Amino acid sequence: MNPHRYLEPSPARADGGHHVGRLPGTIELRELRDLGHPESPTRAIRAKCIDCSGGSDTEARKCVAVGCPLWPFRMGSNPFRPVSDAQLASVARARAVKAAVLSLQLLSGQGENEKCGEPGTDPHADTGGAEPSGLEGKS
Ligand code: SF4
């Protein structure tokens with residue numbers, strides 16, 4: 001990949017002909033996908049937060065920088081987006097299953113490695129346009 005193909009001479013005279021990033025909307029989707037970037041804003045923010053946290057999803061979960069503009073979105077979801085009843089029901093089922101699994105793990109002594117922010121338990125999660133987990137094929 002040649003990164004220079006995504007640059008162009010600045011249209012601003014004040015930039016003195018220096019190269020700047022091309023507008024993403026002028027680049028073929030195929031090329032953007034080849035760069036490997038997430039295809040939704042919330043997923044991009046999640047990736048950025050994990051990068052900011054030294055590659056640790058757990059540290060991104062625990063971020064205390066509440067003044068950061070990305071903070072409400074750091075778990076890969078948009079808490080400001082309305083949530084449907086179906087999504088809430090799906091999340092309730094996912095939480096019930098998770099609680100049951102955790103109970104079984106605790107009973108068997110395997111519950112010490114619990115991760116923060118398990119998928120499927122956030123009603124605002126970005127599903128990439130698909131139904132939330134557990135709702136596939138249901139109306
Ligand atoms: S919310 Fe801001 S400070 Fe916290 S991990 Fe994300 S980018 Fe970094």
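## Close-up views of a predicted model

**Figure 1. The elements in order.** From the N terminus on, the protein runs β-β-α-α-α-α. That makes four helices and two strands. The model is predicted. The protein has 139 residues, and 12% of them count as buried. Take the contacts between residues at least 6 apart in sequence: 54% of them join residues at least 24 apart.

**Figure 2. Helix α2 from end to end.** Helix α2 covers residues 41-52, twelve residues in all. At 1.5 Å a residue, α2 should span 16 Å. Its end C-alpha atoms are 16 Å apart, so the expected span and the model agree. Glycine 54 follows α2. The phi of glycine 54 is positive, near 70 degrees.

**Figure 3. The buried side of α2.** Which residues of α2 are buried? They are Ile45, Arg46 and Cys49. These residues cover an arc of only 100 degrees around the axis, so they sit on the same side of α2. The cover over the buried residues of α2 includes α3, residues 57-61.

**Figure 4. The shell around the ligand.** Which residues surround the ligand? Lys48, Cys49, Cys52 and Ser53 are among them. So are Ala60, Cys63, Ala65 and Cys68. Leu70, Trp71 and Arg74 also belong to this shell. Helix α2 gives the largest share, three residues. By class, eight residues of the shell are nonpolar, one is polar and two are charged. Cys49 appears here in the shell, and Cys49 is also one of the buried residues of α2.

**Figure 5. Proline 3, ahead of the strands.** Proline 3 lies in the segment before β1, which is residues 7-9. Is proline 3 buried or exposed? Proline 3 has 8 other C-beta atoms within 10 Å. A residue with 12 or fewer counts as exposed, so proline 3 is exposed. Leucine 35 is 32 residues away from proline 3 in sequence. In space, the two are 9.6 Å apart, C-alpha to C-alpha.

**Figure 6. Leucine 23, in a loop.** Where is leucine 23 found? Its place is the loop between β2 (19-21) and α1 (29-34). Leucine 23 is exposed, because 8 other C-beta atoms lie within 10 Å. Leucine 7 is 16 residues from leucine 23 along the chain. The C-alpha atoms of leucine 23 and leucine 7 are separated by 8.9 Å.

Note on methods
Residues numbered from 1 in each chain as written. Predicted model: local features only at pLDDT ≥ 70, side-chain atom pairs only at ≥ 80, totals over all residues. Expected span 1.5 Å × (residues − 1). Buried ≥ 20, exposed ≤ 12 C-beta atoms within 10 Å, placed from the backbone. Arc of directions from axis to C-beta. Contact = placed C-beta atoms within 7 Å. Near = placed C-beta within 6 Å. Nonpolar A, V, L, I, M, F, W, Y, C, P; charged D, E, K, R; others polar.
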